[in-house]
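Work through the exercises below with the model open. Try each task before reading its solution.

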Amino acid sequence: MTAVLFDYPKNAAFGRVLPKNKIYEHGSPSAAVRQLFVRQVEQIVWQHKLAPETVNLKASKAVPEIQIFSIALKGDELKPEVLRCIDLAIPFPIIFELRFDGKVLPIAAFKRPSEADASKWVISEYFDSGWTAADTPRKPLPMVFDLETLYDHLLLPLMPYPARPGEDLQKRVERMERIRLKHRELERCEARLRKEKQFNHKVAINAELRDLKQELENLTRPLPASGTAVTP
């Protein structure tokens, strides 16, 4: 999967360094997560603010603004707990760009207001498209009419599998998370098979593996557009 870097408009430039203690105040991290900030994060910059007044796109309750954060790392790893803490501290959808050794990693979770409590946010697992050179040519933002659609387009390149016809962002994220769970189940099943000595138990585990692989195939294969004929 090729990483996509977007060229954010100059009007949306914010460019403020965000002190870690400000994140701690609002994100309430545990002592262990604070240690991750210290060990892994060099600097956090609130790079761009995509809002109605900066990009001339209509806001919605779900996506009032989109923030772009640039995080300089001390090494090539950042635990998701750090990103989750920042996401909890900032009440807007965020696209992160991690930076280390001349490379950039775009990464984000799908973030939406909770249906039970509109003051809280539901944050999915994180998606990324892999590291790319920092000087990779950036693509212009897609031509859309509202921030919600823009958010969809910013997250889409981070997803490991393409959208299906009629599948909205939330449904796509739910499918990606089911795929992750199935991959974990598959890995556990393969580990059990390697350890198993009894033939009849191996047969049963192999049958389970076949079912899991079929479920993964069903979740990951692209579906034809509505009305498209499928040839056998």
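Helices (H or I, at least four residues) and strands (E, at least two) are DSSP runs, numbered from the N terminus. This is a predicted model, in which local features need pLDDT of at least 70, side-chain atom pairs count only at pLDDT 80 or more, and totals for chains, interfaces and linings use all residues. Residues are numbered from 1 along each chain as its sequence is written, and side-chain values use heavy atoms, with hydrogens and water left out.

**Exercise 1. Place R172 and describe its surroundings.**

Step 1. Start with the element. R172 sits in helix α6.

Step 2. Check the exposure. Buried means under 20% relative accessible area, exposed over 50%, and partly exposed in between (1.4 Å probe, protein chains only). R172 has a relative accessible area of 3%, so R172 is buried.

Step 3. Look for a polar partner. A polar contact is a pair of N or O atoms within 3.5 Å; within protein, one must be able to donate a hydrogen and the other to accept it, and residues adjacent in sequence count only if both atoms are side-chain atoms. The side chain of R172 makes such a contact with the side chain of D152, at 3.2 Å.

Step 4. List the other neighbours. Contact means heavy atoms within 4.5 Å. Beyond four places in sequence, R172 touches D152, L156, M159, A163 and E167.

**Exercise 2. Is D87 buried or exposed, and which side chain does its own side chain meet in a polar contact?**

Step 1. D87 belongs to helix α4.

Step 2. The relative accessible area of D87 is 2%, and therefore D87 is buried.

Step 3. The polar partner is the side chain of Y126, at 2.7 Å.

Step 4. Set aside neighbours within four places in sequence. D87 is then in contact with F92, I94, F96, A109, K111, I123 and Y126.

**Exercise 3. Characterise the largest pocket.**

Step 1. Fix the terms. On a 1 Å grid over the protein atoms alone, a cavity is a set of points where a 1.4 Å probe fits but cannot get out; a pocket is an open set with protein on both sides within 12 Å along at least five of seven lines; lining residues have an atom within 4 Å of a point. Grid points are joined across faces, edges and corners, and a volume is the space filled by probe spheres set on the points.

Step 2. Read the volume. The largest pocket comes to about 250 Å³. Its lining has 15 residues, and L78, P80, I107, Y126 and D128 are the closest to the centre.

Step 3. Assign elements. α4 (80-89), β6 (103-113) and β7 (121-128) each give at least two lining residues. β7 contributes the most, with three.

Step 4. Sort by chemistry. Ala, Val, Leu, Ile, Met, Phe, Trp, Tyr, Cys and Pro count as nonpolar, Asp, Glu, Lys and Arg as charged, and the others, Gly among them, as polar. This lining has twelve nonpolar, no polar and three charged residues.

**Exercise 4. Repeat the analysis for the second largest pocket.**

Step 1. The volume is about 170 Å³.

Step 2. The lining consists of A62, V63, F110, K111, R112, E148, Y151, D152, D168, L169 and Q170. β6, α5 (147-155) and α6 (169-195) are the elements that supply two or more of these residues.

Step 3. The split is five nonpolar, one polar and five charged.

Step 4. Link back. D152, in this lining, is also the polar partner of R172. K111 lines this pocket and is in contact with D87.

**Exercise 5. How many cavities of 30 Å³ or more does the structure hold, and which residues line the largest cavity?**

Step 1. There is one. The largest cavity holds about 60 Å³ of space.

Step 2. Its lining is V4, L5, F6, Y8, I95, E97, P106, L154, P157 and L158.

Step 3. Nine of the lining residues are nonpolar, none is polar and one is charged.

**Exercise 6. Summarise the whole chain and its domains.**

Step 1. Count elements. The chain has seven helices and nine strands.

Step 2. Take the burial total. Of the 232 residues, 41% are buried.

Step 3. Split the chain. The domain assignment, automatic or from a database, gives domain 1 (6-159) and domain 2 (174-220).

Step 4. Relate the domains. Their C-alpha centres are 34 Å apart. Five residues of domain 1 contact four residues of domain 2.
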